[in-house]
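The exercises below are intended to be worked with the sequence and the three-dimensional structure at hand. Each task is followed by a solution that proceeds step by step.

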Amino acid sequence: MELMNLLADGIESPVAVETHCHTSVSAHAYSTLMENVMVAAARGMKGLCVTDHAPELFDGAPVYYFENLKSLPDQMMGVRLYRGAELNLMSAAGRVDLPDGLLSRLDWVIASIHLPEFSPGDREAVNAAYQNLAKNPFVDVIGHCGRGKFFFDWEPVIKAFAGHGKVVEVNELSARAVPESVERCAGILALCKQYEVPVVLSADAHFADAIGRYDHALSLVEQVGYPKDRILNLDGERFEAYVQERRREKQRHIR
Ligand SMILES: [Zn+2]
Ligand SMILES: [Zn+2]
């Protein structure tokens, strides 16, 4: 696959802002930031959140990588760049792996379970982890909670996300890479609809070509009848306004 061919393949993204992508800073991802931006621009996107894995993942980026995201421009090739991170949710108490002060300066903070901190039988611990995470004012969005083997009780957890203004991710990679998670993702999305939890559609790209493709996420939205006006990243201005409002909230909490 040639980069130039990839950029000219005529794909138009149905989503305006990619909210979850990794760069080769995470060693199990394979595109540079510039390549990700080039693909987002070529596919007509307005924004891109760069959300590399936080330090506690085996190949996560060091703290200073996230500190120094300020050296990136706000716009690249007409694409608004959002400085972000994908945190690891690591304990029933809701512990995450970057400090609050730093998180308060990021534009878009995802928190996800990856590590072997929880096992499939730890339902109560995962419930508590998500419910405590919901109270963290510096976390914007819950990453791929329908994927994998970390089971939890959907209803109380989704209610906690609703009560604390969290966003839930409809993660394209979960459906693409872990087909058995589709049913769980649909169940979780139905509860997000019921409790009016806003969502974003994300590629969770580990290679640039994934950016701009959301077939599985969109079919989940159709299946569940999730209202499009509550999908924050279908529109670039809506997403920007949401990030600005969250920025003010985060700053209030850091004082
Ligand atoms: Zn993840
Ligand atoms: Zn990853």
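**Exercise 1. Two residues with positive phi**

E196 is found in the loop between α8 and β8, in a model that is predicted. Determine whether E196 is buried or exposed, and carry out the corresponding analysis for D204, buried or exposed.

*Solution.*
- Step 1. E196 is not a glycine, yet its phi is positive, at about 60°.
- Step 2. Within 10 Å, E196 has 9 C-beta neighbours. A residue is exposed if this count is 12 or fewer, so E196 counts as exposed.
- Step 3. D204 lies in the loop between β8 and α9. D204, also not a glycine, has a positive phi of about 50°.
- Step 4. For D204, 25 other C-beta atoms lie within 10 Å. The limit for a buried residue is 20 or more, and D204 is therefore buried.

**Exercise 2. The surroundings of S202**

Locate S202 in the secondary structure, and establish which residues S202 touches, leaving aside residues up to four places away in sequence.

*Solution.*
- Step 1. Strand β8 spans residues 199-202 and contains S202.
- Step 2. S202 counts as buried because it has 29 C-beta neighbours inside 10 Å.
- Step 3. Once residues up to four places away in sequence are set aside, S202 touches E18, T19, H20, E169, N171 and E172.
- Step 4. One of these contacts, N171, lies 31 residues from S202 along the chain, with a C-alpha separation of 5.0 Å.

**Exercise 3. A loop residue and the nonpolar core**

Describe where L98 lies and which residues L98 touches, not counting residues up to four places away in sequence. Then state how many residues the largest nonpolar core has.

*Solution.*
- Step 1. L98 belongs to the loop between β4 (79-88) and α4 (100-104).
- Step 2. Because 22 other C-beta atoms lie within 10 Å, L98 is buried.
- Step 3. Not counting residues up to four places away in sequence, L98 touches A54, V63, F66, A85, L87 and L103. Between L98 and A85, 13 residues apart in sequence, the C-alpha to C-alpha distance is 9.0 Å.
- Step 4. The largest nonpolar core has 75 residues, and those with the most contacts inside it are L48, L87, V109, A111 and V168.
- Step 5. V109 touches G84, A85, L87, L103, F138, V139 and D140, again not counting residues up to four places away in sequence.

**Exercise 4. Packing of α5 with α6**

Find the angle at which α5 and α6 pack, and identify which residues meet in the two helices.

*Solution.*
- Step 1. Two packed helices are described by the angle between their axes and the distance between the axes.
- Step 2. For helix α5 (residues 123-134) and helix α6 (residues 154-163), the angle is about 10° and the axes are 8 Å apart. Angles under 35 degrees count as roughly parallel, so α5 is roughly parallel to α6.
- Step 3. On the α5 side, N127, Y130, Q131 and A134 meet P156, V157, A160, F161 and G163 of α6.
- Step 4. The residues of this contact divide into six nonpolar, three polar and no charged.

**Exercise 5. Two packings of α8**

Characterise the packing of α8 with α6 and with α9. In addition, state whether R184 is buried or exposed, or falls in between.

*Solution.*
- Step 1. The axes of α6 and α8 are 10 Å apart, and the packing angle is about 45°. The two helices are therefore oblique to each other.
- Step 2. α6 passes α8 in a right-handed crossing. W154, E155 and I158 of α6 make the contact with G187, I188, L191 and C192 of α8. These residues divide into five nonpolar, one polar and one charged.
- Step 3. Helix α8 (residues 182-194) and helix α9 (residues 215-224) have axes that come within 10 Å and cross at roughly 55°. That angle makes α8 oblique to α9.
- Step 4. The crossing of α8 and α9 is right-handed. C185, A186, L189, A190 and K193 of α8 form the contact with L220, Q223 and V224 of α9. By class, the contact residues are six nonpolar, one polar and one charged.
- Step 5. R184 is found in helix α8. With 17 other C-beta atoms within 10 Å, R184 is partly exposed. The C-alpha atoms of R184 and V168, 16 residues apart along the chain, lie 13 Å from each other.

Methods. Residues numbered from 1 in each chain as written. Chains lettered and ligands numbered in written order. Predicted model: local features only at pLDDT ≥ 70, side-chain atom pairs only at ≥ 80, totals over all residues. Helix = DSSP H or I, 4+ residues; strand = E, 2+ residues; numbered from the N terminus. Contact = placed C-beta atoms within 7 Å. Core = buried A, V, L, I, M, F, W, Y, C linked by C-beta atoms within 7 Å. Axes fitted to C-alpha atoms, helices over the stretch in contact; angles between N-to-C directions. Parallel < 35°, antiparallel > 145°, perpendicular 65-115°, else oblique. Left-handed = near helix turned anticlockwise from the far one by under 90°. Nonpolar A, V, L, I, M, F, W, Y, C, P; charged D, E, K, R; others polar.
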